[in-house]
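Let's take a walk through this one together, starting with the inside and finishing with a few backbone oddities. Have a look at the sequence and the fold before reading on.

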Amino acid sequence: MSKIIPIFHLPKEYPEDMRILAKGLVANNGQTLKTTLSWLEGKLVTHKAHRGKPAGTPMSGTTIKNYLTGFYVLDLFKADGKLYSETIPRPRASVSVNAKIEASKPLEIVLQNSSVEVFEENFTRTCSQYSQVVIDYNSNRWSLQEKYHINDNCPPAQLKELLTKYCEYSYVGHPGVGYLEIFYNEKIQIDNYLNLFDFIVENYGDVAEKSLGLIPLANILNHLRKVSDYTDEDFNKHLIQLQLTHRIELRTTKSQLARNMGIDLVDIRGVKYGFIKILEPAIAV
């Protein structure tokens, strides 16, 4: 199926601006985008001189609307009941000022900590988990890196060519792809077994509840490879720690059964596992 990366804008290099925009969406949940724009008026200023106006000039309504449209592309709010990923994609993203907005729950959670640094990390994590355009890009970008050894500083023009040629994108907008490349390079951090457990529950808890707690282990590992720099060695070590602390069970699976089910086995210390089971008290936590 053909995909597109639309033209969109974000003040990604200014995390405080990103946080203010997020606050505007959450504070005006259920209102129109026009109301959100009014709420944000005067709260954002320019960082560079532009068209004869000095840095520190209040940001124009057009610029703020463009940034909010960028949040829409990332599936961080619904406009008239629909996420961006639920609409017919067009080369240039847009959202009506009269649209009723509904901020996503993950965006609300991102704002619960007041630290800009924590906000920035959680924002990246949220987009890597819930924004379809980011999920698709990370998956395809990882595939390009694995197959064609594309480095982390690939120019946008070359990325556009490769994504169109190998990843079934019918359109790759710029700016747009450049912001997605930032998300790709800003890997989420998992540095202990509890971080791993949080990642599993956040991304697969709903699936586990519908499948007796069982999750294909290879799915988790492949997901982690796309959104983090987490090593297979740490993955194996932390899974053992989770099992020892009774948060999960590792389930061995026969090779023939795994093939029949279409899943890959993961070797952990010489034993091939097909699934993990999240233990019910852990899900409740």
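What follows goes from the nonpolar cores to three unusual spots in loops.

Keep in mind that this is a predicted model. Start in the middle of things: the largest nonpolar core counts 52 residues. If you want to find its best-connected members, look for I5, F71, L74, F123, Y137 and L163, which have the most contacts inside it. Helix α3, residues 61–73, gives this core its largest share, with 6 residues.

F71 is a good place to zoom in. Setting aside neighbours within four places in sequence, F71 touches L10, M18, L21, A22 and L25, and also L76, F77, L107 and F123. F123 is itself on the list of residues with the most contacts in the core. Apart from this core there is another one, made of 27 residues, and F199, L217, Y230 and I240 are among them.

Now for the backbone. Between H174 and P175 the peptide bond is cis, with omega at about 5°. You'll find P175 in the loop that runs from β4 (169–172) to α8 (177–185).

Two other loops hold residues with a positive phi that aren't glycine. One is H149, with phi of about 55°, sitting between α6 (132–148) and α7 (156–166). H149 counts as exposed because its relative accessibility is 66%, and the cut-off for exposed is over 50%. The other is L212, whose phi is near 60°, in the loop between α9 (193–210) and β5 (214–216). L212 is a leucine that is exposed too, with a relative accessible area of 71%.

Terms used
Residues numbered from 1 in each chain as written. Predicted model: local features only at pLDDT ≥ 70, side-chain atom pairs only at ≥ 80, totals over all residues. Heavy atoms only, no water. Helix = DSSP H or I, 4+ residues; strand = E, 2+ residues; numbered from the N terminus. Buried < 20%, exposed > 50% of the residue type's maximum accessible area, 1.4 Å probe, protein only. Core = buried A, V, L, I, M, F, W, Y, C linked by side-chain atoms within 4.5 Å. Contact = heavy atoms within 4.5 Å.
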